[in-house]
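Open the model in your viewer and get ready to pick chains in turn. We will stop at the places where chains meet.

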Amino acid sequence: MNYSYYPGCTLKTKAQNLEKFALHSAQALGVNLVEQEEWQCCGAVYPLSTDEIATKLASVRSLAAARDKGESLVTLCAACHQLMKRVNHDMQTKEDMREKVNNYLQLDDNYQGESKVIHYLELLRDEIGFETLAQKVKVPLKGRKVAAYYGCLLLRPKEIMNFDDPERPTVLEDFLESLGASAIHYPYKTECCGGYLSVDKEEVVEQMVDNIIRSALEQGAEEIVTACPLCKYNLENSRLCSKGEISISYFTELLAEALDVKEA
Amino acid sequence: MQRVGVFICWCGTNISSTVNIDEVVAAVKNMPGVVYSKDYQYMCSEVGQNLVKDAIKEHNLTRVVVAACSPRMHESTFRKAAKAAGLNPYLLEIANIREHCSWVHKDKKAATQKAISLTKAAVAKAILNQPLIPGEVGVEQRALVIGGGIAGIQTALDIADAGYEVDLVEKTPSIGGKMAQLDKTFPTLDCSACILTPKMVDASMHDKINIYSYSEVEEVNGFVGNFEVVIKQKARSIDMEKCTGCGICLAKCPAKTALSEFEEGLSKRAAIYTPFPQAVPNVPVIDRETCTKFRTGKCGVCAKVCPTGAIDYEQKDERLNQKYGAIIVTTGYDLINLDSFGEYQYADHPDVITGLEFERLVNAAGPTAGKLVRPSDKKKPKKVVFIQCVGSRDKSERGKSYCSKICCMYTAKHAMLLRDKYPDCEAYVFYIDVRTAGKGFEEFQRRAVENYGVNYIKGMVGKIFPTGDKLKVNGVDALSGEVLEIDADMVVLASATQAKPGASDVGRMLSISTDRDNFFTEAHPKLRPVETHCAGIYLAGACQGPKDIPETVAQASAAAAKAIGILSKSKLVNNPCVSQVDESVCSGCLACTKMCPYEAITEKMVEQKVHGKIRRRRVAEVNAALCQGCGGCTVTCRPGAIDLKGFSNKQILAEVDAICQ
Amino acid sequence: MVSREKITPDMAKKEVVRICEISDENIVDCMQCGKCTAGCPAVHGMDILPHQVIRLLQLGQIDQLLQSEAIWSCAACFTCASRCPRAVDISKIMEALRLTLVRVKGNNRLDIEKVPKLLDKNIPQQAIVSGFRKYVK
């Protein structure tokens, strides 16, 4: 099955592992992710003000391109996913913005939010299914105690993201279990890591990541997986992580490992 | 030629400050047919009514128009006056120049014009009015009460004490409702069972009350005085005549896997069970979902141990047809499901419980025999956090926008019960506002703060983080701006109340309306609080809106009084403004039967002579007893064969003509 | 220090209306339950607490808010918005307050010249782009 794939800038630079393992795994699972042509940076944060439209145009271009190919748009980076999903929602629901965007972009066909945006995890859960995934596992991650860290951007706001229960999500745990790992449950898995505050307010971020990692360690986690490059960066910068008490990786790395395509 | 008298009311300044009364008087005076006109400050007063009566006699008026307030207010007053003066009351017409005019307009000139138009329309209609005579129907002197909680029990007792038969239908195996689950009741802290069970026994012993437990109302037809109801008695699998309630079967049943509904899932019950020791009737039921005999065909232990042979695996649902004069709906409430409030960990941690679960945990007959311990490890808690407004006053998708009303009081009660049992245990209450309107309520809540040392914190809890064997509660004191972290052993959630999930179905069955939260709607929020818009159907208790026990009981007695008012009459007067079919015009399409919300129109065959031959033809027929006079059929009827008496097509058009002149 | 503000909700009416427009949120819906503050993961960086931000807006005390660190400590994690019983999205109000500042020329939160110095070798592009979007116009 073919999907349009939007990587985003971080995946081409600092988060190459997130993408590399995702693509290897997709191939092993028989899913064809076709990178969009001439995609542009989504802007990394969804503009929350109602009067900003220009900063949403890059996302609309990708959404419309996927629509034109008749494919769902697959994302991998949590930040890109939030942007694509929310801008798409805006295009579906905000008539005023839809009109302005279409007037500006002058696409062959006006874009009205027709595309379906799915995150790689949703692809695994809803299109492939964790049961099928479990059958394709070659190297079960037996005995690995992994804590899933969700962050914010995939989960909230719930009505738009429609990803999972924002307070008690299970998709990453279900994913980990399907790979044979033991998913560690801890109450901080949906608490914010501080996100972009690391640019301006490192001291605020420090305590936020500390809470998360301590909670995971208390429940016996030995490693943490995440879907967001910025989450990974913030968690790795923490005191506890620098001391080597826990390691952080992308969920796709574990996937590739279990499918035995890590070195492919 | 009709002789019309027009009476224009000032309503003090309510009408006269916006409408120029003199101009209205002058305008109608010249209308054809009007022979007399008069204005007065308060036409509804005795003096005003006498003006109408005297004029009818003196001026030989054959039609009367009163331009005043809404007919909902004083139409019956003036109709009575007309009747007293010897005029058929339906020859009187009201022009609403207050609610429809003076109250909603500011521009006096325009309002005066509108008042004139409305009055002229009423005159035009009145000229075409026909004398109408209401019919009479008999009354079935028996009441149906739907729901066997405290509201239903009280209503049934009051009606039965007045000497009328009452059938009390309860869905679950026993009457008692939510009140039976409570430990103590505010604001006096008397034991709930101690005050409820005598009423339950009274109801079961009363020779005028028939309790249909484990039963549901399935179908309701008919109208006030003559409701026809089908009651489904679900198969109990027990012969109620033979069962002595000895309880051996409950003890011997090997399938003890189901969570007890009565204990709010805090303990298990057998597949054959009575919900609680004082259940009425004290006859068990077999839960066929969990019973081994029903699931696999093997077992049958209960039948073997029953000393009277009361177990009947073959029992089937039975249906009972009964007629009633009045129906009282007392179906109660539920607590909301807390699945979408994941931050409170209710579904994930056993030591986070609801207020109703707390009631069972402190109750001597509850799952811990009244020993208040944490469900997880059965240890005594040292710190308990209570959170109010969990889902109440919450207009987001996951909550209810209204105040659940009972939580402030029961949380204060819980905190006091806790401090009473364990003086060394700390109690914290997070609240948004404390609302204690009610007799003795404020004093009760203040006692929690002042005498029992309960820590009240204005603020909410963001999230609960289970950490080790504690529940780390992250909250805020919004007044001081301190963010708080409390290492609690237990958390009690005051979850929002909600209408029963099946309320809208019950509403549809009874043709009574529900509000946006699915609570049943009363006919008037102030003046008709226990009546519905459907004559003969009344409401009591939390099915109408969140309510505590004192209010519920008061409303139950009020609903009973209303029902008794119907039952005590041998005949009821019909509304004569019903539809009638002109059979010669009716095409027999029966579109009217489909639109009629009261199922008052049926088909009938008539014989007609066409070109000398007798032909049988289908036409519509209105049952005047069922027709509520809504007029829907008159506009549905394509050939225009249906007229609503008192509101005929001709009359309506005359009104329109008068306004357009 | 005791200071007494004369309450004139009209004093900054225009600014308040503008903030409500930019955010498309209704501040009168807030009944000061504090749920936002209680759940805010960055609350330790807030000199004015989230529920107080709304209260000050209701009172028209815009200046205090624009001088606060709170609006810069918000990480736009939407935790407050997803739990608010009154369905007020404070993250949008925080954004509107930030925009009120950075949209004025010369008011950037981040000195672009100094950005390269802030960066370590691992910082993802996502962080830098976000920083520019949030702190610079």
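Buried area here is the accessible area (1.4 Å probe) that two parts lose on being put together, summed over both. This is a predicted model, where local features need pLDDT of at least 70, side-chain atom pairs count only at pLDDT 80 or more, and totals for chains, interfaces and linings use all residues. Residues are numbered from 1 along each chain as its sequence is written, chains are lettered from A and ligands numbered from 1 in the order in which they are written, and side-chain values use heavy atoms, with hydrogens and water left out.

**First stop: chains A and B**

Select both chains: they bury about 950 Å² between them, with 43% of that on carbon and sulfur atoms. Now highlight Glu167(A), Arg168(A) and Pro187(A), which supply 56% of the area chain A buries against chain B, more than any other three residues. Next, pick Lys158(A) and Glu397(B), joined by a salt bridge (a side-chain nitrogen of Lys or Arg within 4 Å of a carboxyl oxygen of Asp or Glu), with the closest N and O atoms 3.8 Å apart. Three salt bridges are found across this interface.

**Second stop: chains A and C**

Swap chain B for chain C. Here 40 residues of chain A are in contact (heavy atoms within 4.5 Å) with 43 residues of chain C, and the two chains bury about 3700 Å², 58% of it on carbon and sulfur atoms. Show Leu48(A), Tyr196(A) and Val199(A): in chain A they lose the most area to chain C, together 20% of what that side buries. Finish on Glu167(A) again, now with Arg83(C): their salt bridge has its closest N and O atoms 2.7 Å apart. Seven salt bridges are found across this interface.
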